[in-house]
Amino acid sequence: MSGVQDPRAARTRERLRAALFEACAEQPLSEVSVADVAQRAHVGRATFYLHYQGLEELAVDACADVVREAVDALHAWRGIPNPESPPAALEEFFTGLDQHRTVYAALLAPGGGGPLGMVLHRDLRERSRTERELAGAPEAELVAAAVAGTFTGVLADWMHRLVPGTATEIAARVWRLLIALHRT
């Protein structure tokens, strides 16, 4: 597959993602249909299936930005991390989740499983491993797995309201946990 993306296909996928979020603002993801999303996006069902195999694939694609934002937020600091002051990007990340919380929660099972959890864990583990290796830090694979598992699990449980706290509180608590993992 070429790195060049057809602008029409990109616009169609963007309309489908927006239509999914619009539908999920009115009902749970489990009750949304392909027909509803296609109609809201002003495309036919056949066009939907040219781009996605099903709603879950669309939903994970629609939520892909949250994965990138999470990974970037956790790595938005340089120097020696202060456990009492999480990066602003981390708090902004948690604050921004409320807009589509029900969709994220539907794709992120408690404990960090689910299709979105798998993508987040994979991407965060890879970024953490790479950064630890570049810094010459020991146990790159082990710490990267621990960071990815901890963050993904806490995020998922917070999304499902199993871990209490505001966005500000959870950002601070997660930050302290991750610093402790890195220092181990």
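Three helices, namely helix 5, helix 8 and helix 9 (140-159), each give at least two residues to the lining of the largest cavity. This is a predicted model, and the briefing below walks you through its enclosed space, one of its pockets, and two residues you may like to look up as you read.

**The enclosed cavity**

- The count comes to one cavity of 30 Å³ or more, and the largest cavity holds about 60 Å³ of space.
- Helix 5 supplies the largest share of the lining of this largest cavity, with three residues.
- To find the largest cavity in the structure, look for its lining residues: Val-66, Val-67, Ala-70, Leu-97, Tyr-104, Leu-108, Leu-116, Leu-120, Leu-155 and Met-159.
- What is the chemical character of the lining of the largest cavity? Ten of its residues are nonpolar, with no polar and no charged residues in the lining.

**The second largest pocket**

- The second largest pocket has a volume of about 260 Å³.
- It is lined by 17 residues, and those closest to its centre are Phe-21, Ala-62, Asp-65, His-100 and Tyr-104.
- Two or more lining residues come from each of helix 1 (7-24), helix 4 (55-62), helix 5 (64-74) and helix 6 (88-96).
- The lining of the second largest pocket is mixed in character, with nine nonpolar, three polar and five charged residues.
- Tyr-104 is worth a look here, as it is listed among the residues closest to the centre of this pocket and also among those lining the largest cavity.

**Arg-132, a buried charge**

- Arg-132 sits in helix 8 (residues 114-135).
- Is Arg-132 buried or exposed? Arg-132 is buried, yet it has no salt bridge.
- The nearest side chain of opposite charge belongs to Glu-139, 7.8 Å away from Arg-132. A salt bridge would need a side-chain nitrogen of Arg within 4 Å of a carboxyl oxygen.
- Setting aside neighbours within four places in sequence, Arg-132 is in contact with Ala-137, Pro-138, Glu-139, Ala-140, Val-143 and His-182.

**Glu-56 and its surroundings**

- Glu-56 belongs to helix 4, one of the helices that give two or more residues to the lining of the second largest pocket.
- Which residues touch Glu-56, once neighbours within four places in sequence are left aside? Glu-56 is in contact with Leu-107 and Pro-115.
- Glu-56 and Ser-30 are 26 residues apart along the chain, and their C-alpha atoms are separated by 9.6 Å.

Terms used:
Residues numbered from 1 in each chain as written. Predicted model: local features only at pLDDT ≥ 70, side-chain atom pairs only at ≥ 80, totals over all residues. Heavy atoms only, no water. Helix = DSSP H or I, 4+ residues; strand = E, 2+ residues; numbered from the N terminus. Buried < 20%, exposed > 50% of the residue type's maximum accessible area, 1.4 Å probe, protein only. Lys, Arg positive; Asp, Glu negative; His and termini not counted. Contact = heavy atoms within 4.5 Å. 1 Å grid on protein atoms, 1.4 Å probe; cavity = no way out; pocket = protein on both sides within 12 Å on 5 of 7 lines; lining within 4 Å. Points joined across faces, edges and corners; volume = space filled by probe spheres on them. Nonpolar A, V, L, I, M, F, W, Y, C, P; charged D, E, K, R; others polar.
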